[in-house]
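Student: I should like a close look at a single part of this structure, set in the context of the chain that holds it. Please begin with the chain and then take the part in detail.

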Amino acid sequence: MHVLHGADLAGPTFNLIDDVRRMLALHFMVNAFRAGTVAAVLGAVIGWFMVLRRQSFVGHTLAVVSFPGAAAAIWLGVSATAGYFAGSIAAALVIALVPRTPFGRADGQESAVIGTVQAFALATGTLFVSLYGGFLDSVTGLLFGSFLGVSDSQVVTLVVVAVLVLAVMVVLARPLLFATVDGDVAAARGVPQRALSVAFLLVLGCTAAEVSQITGALLVFALLVMPAATAQQLTARPVFGLCLSVVMGLVVVWSALGVAFYSTWPVGFFVSTFGFVVYLTATAIRVASGRLARMARTGGTPRTSPVVAA
Amino acid sequence: MTGAFFISAHPFLVTAFGAGTAIALAAGLVGYLLVLRGQVFAGDALSHVAFTGALAALAFGVDLRLGLYAGCVAFALLLAVLGGRTSADDTVIGSVFAWVLGLGALFLSLFTTSSSGVGGPGGTSGVNILFGSILGLSPRQALIDVVVSLVVATAIVAIARPLVFASLDPTVARSRGVPVRALSTGFFVLLGVTAGVATQAVGALLLLGLLAAPAGAAHRLTARPFLAIWLAAGIAVVSMWSGLTVAYLVPAVPSSFGIIGVATAVFMGTFVWTGLRRRRGRVATTAGVRIVPNGVPGAV
């Protein structure tokens, strides 16, 4: 399955430079690092906005619906990459049809729709798997990631899509931040909330599809939510927070790929575990620094992240 | 009428219909309250925890159900604790369940390598847990599922009235002496048990559909809670029956797809239905009412 072959060659020497050199001598690992880097940067940037907008549920749904897209593509004999994107973008459009609450937070009725879209999409995935007739290993590959087989042309596709998405995001970022942080004032100033929210859903869909090629449909969410949540625990400043999020994402993906190469355990496990450890550490730091600040000047307001404040 | 004939002709269909009916009943009742309380994301998280719990049990050689129920109930209690302090922060829930799912990937890999290699029984049971195999339930398993589901359904009916009150207006409910906190914890535990039992019917990944789709449809059709909760249960049971029938008649269709497909179609149908009613200018007070996060019903 997605067990790496590095461990079969030789164990790690624990000489870091030597180990990295040995790993990068293999072409598939170079491609894995390229794809992982692109996925980490994109996931961290778009995830930061997702966490700020409290659209984790939508993000998770768009991530898992790339699975039926890919399954359908394999059944039809088209490239799985196209399937990933088609699945996520189609789901983003369906969710965009549902009326939103101004702050973008899913209420009961809307989240019932999102949940149904997710379950139905996954059910469709099982239908395609059944129609294709037994590619069980591919199922676990699609769901939990198999970055071993990232080809050169796939890396090129990933880079092109990432550049496009980030370019769109550069245009969207300011009004989106305004609309997210203070929806009422933004609406009064003529910021097109609805259009922004649909555009962001599409961006989120493309990102989810892109990241799922490296982590698998089920674990995309780790790269979307964890670096961003970590950054927002540590700072409320947008630019600094975005940079922090990207750094966290890169550290998590690179170290996970490196460790997975010398281990028999799947890469998705390392990505989500490292991400979670970083997130827990950041939460501990925030709580501790809040305590310290309160102790230092009694009566002062403790520092809170925008998520907690909201 | 012909339905009864083909069901009784195959023992495995009798088992599937029996267990399926009870599971759908419990899922419909719990799902209605889940949507009312705006906690669908918690259901989503539980559906992934169910997968990890079951695979952990398989990897360590314990009975699958033990891991399933233990994992779901433990995570449900964790959600109850987290949701107690702040109002269920979806970033925290998301981070935790993304990690739990990563653990699931590890257990899948451990179990697959420990049982006869790639594509062996390990891979099959992994996929079965994800997508369900109600047609493969043994009569004894089905009996346990029926008992568990009926216990959940009875418990929900018993606490429905105070729970709806506490969900719609927690502040007033608390001042009237309703134990809001205890009800919330109890509901999470029932949700966890439902996730465990529904995983065996439609699979870990699809149980969210059985919880959300019938409930979403019921919410669109009526604003009266005690009508809607039974409507949700009814839609879930009908979806189960028709989904199983479709899966039996068309062999290429997996049973889980049939069940979720019908439930989704009913939910989509309610959008058309309320749309038509509104166009004809007969917007009754019951139609098109939605629940906003703090529980105040408002017009769409």
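Student: What percentage of the 300 residues in chain B do buried residues make up? With that settled, please examine helix α7 of chain B closely.

Tutor: The model is predicted, and everything below should be read as a description of that prediction. Buried residues make up 54% of the 300 residues in chain B. The chain contains twelve helices and two strands, and in order from the N terminus its elements run α-α-α-α-α-α-α-α-α-α-α-α-β-β. Among contacts in chain B with a separation of 6 or more, 72% are between residues 24 or more positions apart.

Helix α7 of chain B covers residues 139-168, which gives it 30 residues. From its first C-alpha to its last, α7(B) reaches 40 Å, close to the 44 Å expected at 1.5 Å a residue. The helix nevertheless bends, by about 60 degrees, at Ala160(B). A proline, Pro162(B), follows within four residues of that bend.

The buried residues of α7(B) can be listed in sequence order. They begin with Ala142(B), Asp145(B), Val146(B), Val148(B), Ser149(B), Val152(B), Ala153(B) and Ile156(B). The list then continues with Leu163(B), Val164(B), Ala166(B) and Ser167(B). What covers these buried residues includes four helices of chain B: α2 (11-36), α8 (170-175), α9 (180-202) and α11 (225-249).

One residue shows part of this packing in detail. Val30(B) touches Val152(B) and Ile156(B), both of which are among the buried residues of α7(B). Not counting residues up to four places away in sequence, Val30(B) also touches Leu190(B), Leu191(B), Thr194(B) and Leu211(B). The largest nonpolar core has 203 residues, and Val30(B), Cys72(B) and Ala232(B) touch the most other members of it. As a general matter, nonpolar side chains tend to be buried together in soluble globular proteins.

Confidence should be considered alongside this picture. Chain B averages a pLDDT of 80, and 83% of its residues score at least 70. Over residues 116-121 of chain B, the pLDDT is below 50, and this stretch has nine contacts in the model beyond near neighbours in sequence. Among the elements of chain B, α11(B) has the highest mean pLDDT, at 91, and α11(B) is one of the helices that cover the buried residues of α7(B). The lowest mean pLDDT, 41, belongs to strand β2 (residues 297-299). Over residues 283-300 of chain B the pLDDT stays under 50, although the model has 35 contacts for them beyond four places in sequence. Where pLDDT is low, the predicted coordinates should not be read in detail. For the complex, the predictor gives an ipTM of 0.79 and a pTM of 0.81.

Chain A provides a brief point of reference. It has 15 helices and zero strands, and 51% of its 310 residues count as buried. Trp48(A), in helix α3 (residues 27-52) of chain A, counts as buried because it has 25 C-beta neighbours inside 10 Å. Leaving aside neighbours within four places in sequence, Trp48(A) is in contact with Ala228(A), Ala231(A), Gly241(A), Leu242(A) and Ser245(A).

To return to the part requested, α7(B) is a helix of 30 residues with a bend of about 60 degrees at Ala160(B), and its buried residues are covered by elements that include α2, α8, α9 and α11 of chain B.

Definitions and conventions: Residues are numbered from 1 along each chain as its sequence is written. Chains are lettered from A and ligands numbered from 1 in the order in which they are written. The expected span of a helix is 1.5 Å times one less than its number of residues. The bend at a residue is the angle between axes fitted to the seven residues ending there and the seven starting there. A residue is buried if 20 or more other C-beta atoms lie within 10 Å of its own, exposed if 12 or fewer, and partly exposed in between; C-beta atoms are placed from the backbone. Two residues are in contact if their C-beta atoms, placed from the backbone, lie within 7 Å. pLDDT is the predictor's confidence in each residue, from 0 to 100. A nonpolar core is a set of buried Ala, Val, Leu, Ile, Met, Phe, Trp, Tyr and Cys residues joined through C-beta atoms within 7 Å.
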